[in-house]
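Welcome! Here are a few short exercises to work through with the model in view. Try each task before you read its solution.

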Amino acid sequence: MRVDFYQLTSDPAEQVLPLIARNTLGAGERLLVVSDDEAQLRRVSEALWTRLPETFLANGRAGTAHDDRQPILLSDAPEPANGARYLALADGIWREGEFERVFLLFPPARIDDARGCWRMLGSREGVERRYWRQEGGKWKEGP
């Protein structure tokens with residue numbers, strides 16, 4: 001499993017997720033976006049529909065009759081009813097699950113939690129960790 005840590009210093013998760021979603025769909029994968037914050041999930045849905053007008057990022061809320069057809073599913077639990085192998089944790093809270101790739105998006109207020117998660121995952125076999133930070137409007141990998 002690969003885990004990408006995104007430290008959000010300039011943009012909120014809602015602004016970053018459309019870029020992650022576009023790349024995920026471009027790779028032929030589906031995405032599950034998880035947050036405990038219902039208002040954040042509404043903002044994420046709106047951003048997926050409007051942030052990148054040249055890209056169609058169809059999405060739906062978990063718990064409907066057509067969860068399995070959604071390329072991007074928004075939920076409060078890491079249960080990929082849409083068959084997603086990619087997970088985006090929009091609220092910065094780590095959740096366990098069987099995914100190929102996980103995007104942990106966290107604001108500065110959650111840096112200690114992210115550091116603890118980084119250490120915890122470092123002790124696991126088969127986990128590749130990467131850290132991304134915003135610099136001058138772009139994402140840079142590294143410390």
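**Exercises on a predicted model**

**Exercise 1.** Classify W139 by its relative accessibility.

*Solution.* W139 has a relative accessibility of 24%. Buried means under 20% and exposed means over 50%, so W139 counts as partly exposed. Keep in mind that this is a predicted model.

**Exercise 2.** Work out how the rings of Y6 and W139 are arranged, and what parts of the chain they tie together.

*Solution.* Start with the distance: the ring centres of Y6 and W139 lie 4.9 Å apart. Next take the planes, which meet at 80°; the cut-off for edge-to-face is over 60 degrees, so this pair is edge-to-face. Finally, place the partners: Y6 belongs to strand 1 and W139 to strand 8 (residues 138-141), so parts 133 residues apart in sequence are tied together. Y6 itself is buried, with a relative accessible area of 11%. Ring pairs also join Y6 and W139 in a cluster with Y86, F103 and W132.

**Exercise 3.** Check the length of helix 1 (residues 13-26).

*Solution.* Count the residues: helix 1 has 14. At 1.5 Å a residue, the expected span is 20 Å. Now compare: the end C-alpha atoms are 20 Å apart, which agrees. Just after helix 1 comes G28, with a positive phi near 80°.

**Exercise 4.** Is R2 buried or exposed, and which side chain does its own side chain join in a polar contact of 2.9 Å?

*Solution.* First, R2 has 17% relative accessibility, so R2 counts as buried. Then look at its side chain: the polar contact of 2.9 Å is with the side chain of D4.

Note on methods
Residues numbered from 1 in each chain as written. Predicted model: local features only at pLDDT ≥ 70, side-chain atom pairs only at ≥ 80, totals over all residues. Heavy atoms only, no water. Buried < 20%, exposed > 50% of the residue type's maximum accessible area, 1.4 Å probe, protein only. Polar contact = N/O pair within 3.5 Å; in protein donor to acceptor, adjacent residues only side chain to side chain. Helix = DSSP H or I, 4+ residues; strand = E, 2+ residues; numbered from the N terminus. Expected span 1.5 Å × (residues − 1). Phe/Tyr/Trp six-rings, centres within 6.5 Å; stacked < 30°, edge-to-face > 60°.
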